[in-house]
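Reader: Hello! Could you take me closely through a single part of this model, the central strands and what packs around them? I would enjoy one connected account.

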Amino acid sequence: PMPVVAVVGRPNVGKSTLVNRIIGRRQAVVEDTPGVTRDRIPYDAQWSGRQFTVVDTGGWEPDAKDRAGAIAAQAEIAVATADVVLFVVDAVVGATDVDEAAVRMLRRSAKPVLLVANKADNAATEVEATSLWSLGLGEPRPVSALHGRGSGDLLDAILEAL
Ligand code: GDP
Ligand code: MG
């Protein structure tokens with residue numbers, strides 16, 4: 001079976017942009033539509049001759065109710081059914097309480113996690129991203145999903161983790 005990489009994190013950290021970058025097709029990922037429950041959406045990806053499935057998810061929020069709760073539950077299912085998890089954090093904003101709650105959820109899952117410091121569009125943000133070591137998920141991997149900076153190194157790390 002195809003290895004599965006789940007992409008999770010709070011809303012607006014750039015998960016869908018990162019999935020687009022990984023699959024190499026711009027605007028391929030379905031945009032969030034208000035009022036439509038977000039599911040787990042699988043896409044085919046390949047890198048260095050290896051194929052895997054990358055799963056986009058809606059934003060994860062702790063103790064979310066109603067629609068947001070349903071989306072968060074889908075993200076947790078995506079984690080539970082993944083071989084490797086990409087946990088995406090906004091490197092400009094830094095670690096938030098919601099990110100820390102997500103880390104606790106990820107620890108319970110016991111899945112291998114790569115910490116993606118997204119929106120590291122320039123060298124200064126890349127340096128700031130080192131503060132994300134504090135999340136306790138190991139090395140933060142600075143990436144600009146929007147511009148592609150760091151995405152090759154991240155893909156190499158994904159293959160090593162699979
Ligand atoms: P999601 O809610 O986590 O799926 O986030 P999206 O992929 O929809 O991105 C949310 C916003 O962040 C959009 O306006 C993106 O263009 C922007 N964004 C995503 N990745 C980057 C990045 O690497 N750098 C910058 N500057 N903006 C980004
Ligand atoms: Mg999205």
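Author: What follows is a walk through two neighbouring strands, their surroundings and a few loop residues.

This is a predicted model, in which local features need pLDDT of at least 70, side-chain atom pairs count only at pLDDT 80 or more, and totals for chains, interfaces and linings use all residues. Residues are numbered from 1 along each chain as its sequence is written, while chains are lettered from A and ligands numbered from 1 in the order in which they are written.

Let us start with strand E4 (84–90); helices (H or I, at least four residues) and strands (E, at least two) are DSSP runs, numbered from the N terminus. Seven of the seven residues of E4 are buried, so this strand is largely enclosed by the rest of the structure. Here a residue is buried if 20 or more other C-beta atoms lie within 10 Å of its own, exposed if 12 or fewer, and partly exposed in between, with C-beta atoms placed from the backbone. Both faces of E4 are covered: Val85, Phe87 and Val89 lie on one side, and Val84, Leu86, Val88 and Asp90 on the other.

E4 has a parallel partner in E1, joined to E4 by four bridges; two strands pair if DSSP finds at least two bridges between them. In this pairing, Val7 stands opposite Leu86 of E4. E4 also runs parallel to E5, and six bridges join them. Phe87 has Leu115 as its bridge partner in E5, and Val88 stands opposite Val116 of E5. Together with H3, the strands E4 and E5 make a right-handed β-α-β unit. Right-handed means that, with the strands pointing away from the viewer, the path from the first strand over the helix to the second runs clockwise.

Now to E5 itself. Six of its six residues are buried, so to speak of cover is fair on both sides: Val113, Leu115 and Ala117 point one way, Leu114, Val116 and Asn118 the other way, and all are buried. E5 also pairs with strand E6 (residues 140–142) in the parallel sense, over three bridges. There, Ala117 of E5 stands opposite Pro142 of E6.

These strands lead us to the largest nonpolar core, which has 44 residues; Val85, Phe87, Val89, Leu115 and Val116 have the most contacts inside it. A nonpolar core is a set of buried Ala, Val, Leu, Ile, Met, Phe, Trp, Tyr and Cys residues joined through C-beta atoms within 7 Å. Among the elements that give two or more residues to this core are strand E1 (4–8), strand E3 (50–56), helix H2 (66–80), helix H3 (97–109) and helix H5 (151–161). E4 gives the most, with six residues. In soluble globular proteins, nonpolar side chains tend to be buried together.

Val89 shows the packing residue by residue. Not counting residues up to four places away in sequence, Val89 touches Gly9, Val13, Ala95, Asp99, Leu115, Val116, Ala117, Asn118 and Leu132; two residues are in contact if their C-beta atoms, placed from the backbone, lie within 7 Å.

E4 and E5 also help to cover helix H1, as do E1, strand E2 (41–47), E3 and H5. Eight of the nine residues of H1 are buried, so this helix is largely enclosed by the rest of the structure. Among the buried ones are Lys15, Ser16 and Thr17, which are also, with Gly14 and Leu146, the closest of the 14 residues that surround ligand 1. A residue is near a molecule if its C-beta atom, placed from the backbone, lies within 6 Å of it. The largest share of this shell, three residues, comes from H1 (residues 15–23).

Just after H1, Gly24 takes a positive phi of about 75 degrees. Next, Arg25 is found in the loop between H1 and E2, and is exposed, with 12 other C-beta atoms within 10 Å. Its C-alpha atom and that of Ala110 are separated by 31 Å.

Finally, two loop residues other than glycine have positive phi. Lys119, with phi near 70 degrees, lies in the loop between E5 and helix H4 (123–128) and is buried, with 23 other C-beta atoms within 10 Å. Asp63, with phi near 55 degrees, lies in the loop between E3 and H2 and is exposed, with 8 other C-beta atoms within 10 Å.
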